[in-house]
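User: I'm new to this one and would like a close look at a single part. Could you take me through the nonpolar core?

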Amino acid sequence: MGAVIEVRELRKLYGTTVAVDDVSFEVDENEIFGIVGPNGAGKTTTVECLEGLRRPDAGRIRVLGLDPGADARALRRLIGCQLQESALPDRMRVWEALDLFASLSPRGGDWRALTRQWGLRDKHKAPFGALSGGQRQRLFVALALLNAPKVVFLDEMTTGLDPAGRRVAWDLVADIRRRGTTVVLVTHFMDEAERLCDRIAVLKGGRVVAVDSPDGLVSRFAPGVRVRFTADHADVSWLSEVPHVHEVGRDGAQILVKGDGPVLALVAAALVNHGLVPEDLTAERADLEETVLRLTE
């Protein structure tokens, strides 16, 4: 599978403010590619340049082999976009919006099926102004999928959804990919990125600081294991001599041992040899959220 999106040295300014600076990455066909980072990192600006909504000041972009600026009309027939901020007339009903968008697309699909998939079937007669934030978000995702896009951009897709709704949305996004659509997902939710994304680009200050799989990012930038247990007032400073242990700390009765590799097994064996068998011995690894924080703070 080849790259369906190529970004090379993308740069975008708003006046004298540099929003995106020298951003480069590729997105492979049938991949779920995540873009994460703090507010103001340049995530939405980057995606809007890919969608042809903003014209970059420098760099090269190709989406499905097309230039989003020069080939905007042709590209819009092939992609779907759920924007971070969108709105419809308050009196427009859900079915009217879906029917209208379907009629404008030569690849318009069955919007009734989308209302079932995205939990809008009971709301298809409701006016847009009466929808909750989560229902509006589901409607905008459904609108982005009406033309059976080859690439779909989802910007903060699950904002406003309750936990159950988020998990339903995750399953639907995975199903979109199974049907052959490439997904670019902008999100602030690291559990969402970890669950869905094949690879993730981490942005900070308008630049890409890392691109890798979720596990790859954790392994590269937040390696190590933390072992916790309770030892009351016992002296465990000797644990610093155990192989693979880098640091031993205490907070009251709580002991925190930082290390790598098989440190849990080695610490457990050493404790037993010293007559200590803590019942709460646990090991922790950094997750994606902690890794991204380390990369962006």
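Analyst: Here is a walk through the core, with a short stop at a surface patch afterwards. This is a predicted model, where local features need pLDDT of at least 70, side-chain atom pairs count only at pLDDT 80 or more, and totals for chains, interfaces and linings use all residues. Residues are numbered from 1 along each chain as its sequence is written, and side-chain values use heavy atoms, with hydrogens and water left out.

A nonpolar core here is a set of buried Ala, Val, Leu, Ile, Met, Phe, Trp, Tyr and Cys residues joined through side-chain atoms within 4.5 Å, and buried means under 20% relative accessible area (1.4 Å probe, protein chains only). The largest such core has 45 residues, and the ones touching the most other members are Trp118, Leu139 and Met157. Helix α5 (residues 133-144) gives the largest share of this core, six residues; helices are DSSP runs of H or I, at least four residues, numbered from the N terminus.

Let's zoom in on Leu139. Setting aside neighbours within four places in sequence, Leu139 is in contact (heavy atoms within 4.5 Å) with Leu88, Val94, Leu98, Leu120, Phe128 and Leu131. Another core, of 26 residues, lies apart from the largest one, and Val4, Val23, Phe25 and Phe33 are among its members.

Now for the surface. Phe101 sits in helix α3 (residues 94-104). Phe101 counts as partly exposed because its relative accessibility is 34%, and partly exposed covers the range between buried and exposed, the latter being over 50%.

Methods. Helices (H or I, at least four residues) and strands (E, at least two) are DSSP runs, numbered from the N terminus.
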